[in-house]
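Got the viewer open? Let's take a short walk through it, one selection at a time.

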Amino acid sequence: MYFKIQILIAFFRLRVNKWWYKNKLKKLQKKRWNKLQYKLLESPFYKNNVIIKMPLDQYPLMNKKEFVANFDRINTKGITSSDAMKVAEKAERLRDFSPTINGITIGLSSGTSGNRGIFMASKKERANWVACILDRVIGFSLKKRRVAFFLRANSNLYSSITSKLLSFEFFDILEELEGYIEKLNDLQPTILVAQPSILLELASYVEEGKLVISPSKVLSVAEVLSSEDSKYLKSVFCQTIHQVYQCTEGMLATSCIHGNLHFNDDFLVIEKKYIDSEKKRFHPVITDLMRTSQPVIRYELNDIIHEKRDCPCGSTFTAIEKIEGRSDDVLVFKSDEHKEIRVYPDFIIREILQAHPLINDFTVVQRNDTDIELYIAQRKYYNLAKKRLTEFLQSQGISGVIIYEAKSKNHTQGNKLRRVQNDR
């Protein structure tokens, strides 16, 4: 009961601050940054920066490798990475995600970008997270709602906020989806939450008539949702597909009524590290002003973000046009003049989809400087896709690339689907 009161308090504060500081975001960010520094005094990694009153923009840039390596010194709870890893790995193995360390929830990232990262959250941080979910994802309502969520790992968060009005049903994505059809039909979820690869499979069951559900809201999480997949899912579920942009580093963005993602600028500071001369693409550098047990300060993500201008919803929060993928999935080739040429995933995806309108499921993997593995689910259109991709690369001054057919999709159930991947 006490935790639910904490959630209500956090929800009220979130709403009031969002309204009160609507046109004064910098002021709210400064206020929260000043408050956060008291907690940073408890972090051996950041303590000295606070003592010398270092401005935020002078704090060192952080990346995943350094974040993992300095886990013991960054966190403010004196928890070691070895202890945290034991708890998290046991939870993964037993599929029981309730254990904590001194009241701190421990979890693991999916590990698609290398080493698996450990994340931790205090009870207050969990309450803030739930408040954000209620405010910007699920929405507050007095109607009874059933949430079906497909995730790699369950969390004691969901069971702790289950009530007469809101219930959560966890579906483990490591299991075969077809085995869940009957359960979903019986549940009749009002809200469906899953990563795009799962939503696409569920949509195929809907089209076959095996799955008969009509959720009032569909949420895409964990993976990049392409505009093409979004359109298909919208046609099947007859509604706008909403999104949540969340990772180990925090709850970064949620979608508005128009389905466009917006960064949570009221409790995040987002710096843009542009990666192209046109300043169309940037890496977000994240500072989470509300996270204290495991501070996230100037953490550079390798996600490639396109900023959106003038979202029709009118929000002052930074809008996202699209998330293109990750920088380590940019394909790298040698030109005919032996110069390095980088090709962003967006261009590869566009060429394949334009090869034929019925192509909707594929993966591309670069194995080395000259070999590309191409999988097209609709195999009779493989040659069209190969031809289109070959011609595009040649137009970029890249020749001698060998494209060969993969018999299966480059994706393991339970991991994030990456349409384009650099595996050199």
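A pocket here is an open set of points on a 1 Å grid over the protein atoms alone, with protein on both sides within 12 Å along at least five of seven lines; a cavity is a set where a 1.4 Å probe fits but cannot get out, and lining residues have an atom within 4 Å of a point. This is a predicted model, where local features need pLDDT of at least 70, side-chain atom pairs count only at pLDDT 80 or more, and totals for linings use all residues. Residues are numbered from 1 along each chain, and side-chain values use heavy atoms, without hydrogens or water.

Start with Lys18, Arg136, Cys256, Cys313 and Ser315: of the 21 residues lining the second largest pocket, they lie nearest its centre. That pocket holds about 480 Å³ of space, the volume being what probe spheres set on the points fill.

Next, pick Ser226, Glu228, Asp229, Ile349, Leu353, Ile359, Asn360, Phe362 and Arg419, which line the largest cavity. Its volume is about 50 Å³. Colour α11 (227–237) and α12 (345–355), which each supply at least two lining residues; helices are DSSP runs (H or I, at least four residues).

Keep α12 and add α13 (residues 382–395): their axes come within 8 Å and cross at roughly 140°. Axes are lines fitted to C-alpha atoms over the stretch in contact, with angles from 0 to 180 degrees between N-to-C directions. The two helices are therefore oblique to each other (neither under 35 degrees, over 145, nor 65 to 115). Zoom in on the contact (heavy atoms within 4.5 Å): Phe347 and Ile348 are among the α12 residues there, with Leu384 and Phe392 among those of α13.
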